[in-house]
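Me: Please take a close look at one part of this chain, the open sheet and whatever packs against it. Start with the chain as a whole, and add the surrounding elements where they help to place that part.

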Amino acid sequence: MSEPQGTEGSTRRLPVVEPVMEKETAAGTGPPPDLAPDPGSGPSGRFWSARRVPAGIVALLLLLVAGAFLYDVVAVRAGRSALGWRRELARQLADRPLDDTWVLVGAGVAAALGLWLFVLALTPGLRKVLPMRRTRPDVRAGLHRDAAATVLRDRAMEVAGVQSARVRMRRRKARVRALSHFRELDDVRTDLDGALDDAVRGLGLARPPAVSLRVARPGRKG
């Protein structure tokens, strides 16, 4: 389901609507593989990403670091000498001042990593899935940006005088760029406004995007 941020429709593709469904049952059925439950964001809240990759990376790093320290501590308790890397680390931490360049660099990297994890924990993610209106309390649906852009593009191509159309779909705005090879541009723009408004309403989105429309003549060849 993952696609590039800016979606440009091709005039040769057929409309494809790919809803993402999530059913919330009393039995506690788990979410689909790529989705996690949306914690208390209301009936029209966005879908939350499971964040499996960042969580897996952090868990693996913590496991490796904790395992290395635990092994060395057990070895020291068993009568062996501490490993060289831990002795060197303890010496460096004891000798280096706080304003040392490498200490500041390490602190900056750790702070950036912590901030990144904090942002991931507080943001829903899955920006490419647009929440749809809920018609049943136990069912949530989402529409992918590509599918929404394809529907709007094909509706624009049905307007008389439109030669080609491109749609760039965002969460709050849909930018439509159309080329008209005949008819007056004002007439084509008026018909496109009506067709696109109907198409946006037909998508059934919880927050219908605003449509930004531009109509122009095709450029001369050569």
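Reply: Of the 222 residues of the chain, 28% count as buried. The model is a predicted one, and what follows should be read as a description of that model. The chain has 5 helices and 8 strands, which follow one another along the sequence as β-β-β-α-α-α-β-β-α-β-β-α-β. Among contacts between residues at least 6 apart in sequence, 64% join residues at least 24 apart.

The sheet itself comes next. It is open and consists of 3 strands in the order S6-S7-S8, with mixed pairing. S6 and S8 are the edge strands, each pairing on one side only. On average, and with direction ignored, neighbouring strands of this sheet are turned by 15° against each other. S7 and S8 run parallel and are joined by 7 bridges. In the register with S8, Arg-175 stands opposite Ser-212.

Two helices pack on this sheet. H4 touches S6 and S7, and the direction of H4 makes about 160° with that of S6. H5 lies across S6, S7 and S8, and runs at about 155° to S8. Under the convention that angles over 145 degrees count as roughly antiparallel, H4 is therefore roughly antiparallel to S6, and H5 is likewise roughly antiparallel to S8.

The sheet and its helices also share in the largest nonpolar core, which has 28 residues. The members that touch the most other members are Leu-143, Leu-152, Val-162, Met-169, Leu-192 and Leu-203. At least two residues of this core come from each of strand S5 (139–144), helix H4 (145–157), strand S6 (162–169), strand S7 (173–180), helix H5 (185–203) and strand S8 (210–216). H5 gives the most to this core, with 7 residues.

S5, another contributor to that core, deserves a separate word. All 6 of the 6 residues of S5 are buried, so S5 is largely enclosed by the rest of the structure. Both faces of S5 are covered: Val-139, Ala-141 and Leu-143 are buried on one side, and Arg-140, Gly-142 and His-144 are buried on the other. The buried set on the second side thus includes Arg-140 and His-144. S5 runs antiparallel to strand S4 (residues 129–131), to which 3 bridges join S5. Within this pairing, Val-129 has His-144 in S5 as its bridge partner.

Now the loops around the sheet. The loop between S7 and H5 holds His-181 and also Arg-183. His-181 is partly exposed, at a relative accessible area of 45%. Not counting residues up to four places away in sequence, His-181 touches Gly-161, Val-162, Gln-163, Arg-217 and Pro-218. One of these, Val-162, is 19 residues from His-181 along the chain, and the two C-alpha atoms are separated by 6.7 Å. Val-162 is also among the core residues listed above, whereas His-181 is partly exposed.

Arg-183 is partly exposed as well, with a relative accessible area of 28%. The phi angle of Arg-183 is near 75°, a positive value in a residue other than glycine.

On the far end of H5, the loop between H5 and S8 contains Ala-206. With a relative accessibility of 25%, Ala-206 counts as partly exposed. The C-alpha atoms of Ala-206 and Arg-46 are separated by 9.6 Å, while the two residues are 160 apart along the chain.

Finally, there is a helix pair earlier in the sequence. Helix H1 (residues 52–77) and helix H2 (residues 84–95) pack at an angle of about 100°, with their axes 10 Å apart. That angle makes H1 roughly perpendicular to H2. The residues in contact are Ala-68, Phe-69, Asp-72 and Val-76 from H1, and Trp-85, Arg-86 and Leu-89 from H2. By class, this contact has 5 nonpolar residues, no polar ones and 2 charged ones.

Methods: Residues numbered from 1 in each chain as written. Predicted model: local features only at pLDDT ≥ 70, side-chain atom pairs only at ≥ 80, totals over all residues. Heavy atoms only, no water. Axes fitted to C-alpha atoms, helices over the stretch in contact; angles between N-to-C directions. Helix = DSSP H or I, 4+ residues; strand = E, 2+ residues; numbered from the N terminus. Parallel < 35°, antiparallel > 145°, perpendicular 65-115°, else oblique. Contact = heavy atoms within 4.5 Å. Nonpolar A, V, L, I, M, F, W, Y, C, P; charged D, E, K, R; others polar. Core = buried A, V, L, I, M, F, W, Y, C linked by side-chain atoms within 4.5 Å. Buried < 20%, exposed > 50% of the residue type's maximum accessible area, 1.4 Å probe, protein only. Pairing = 2+ DSSP bridges.
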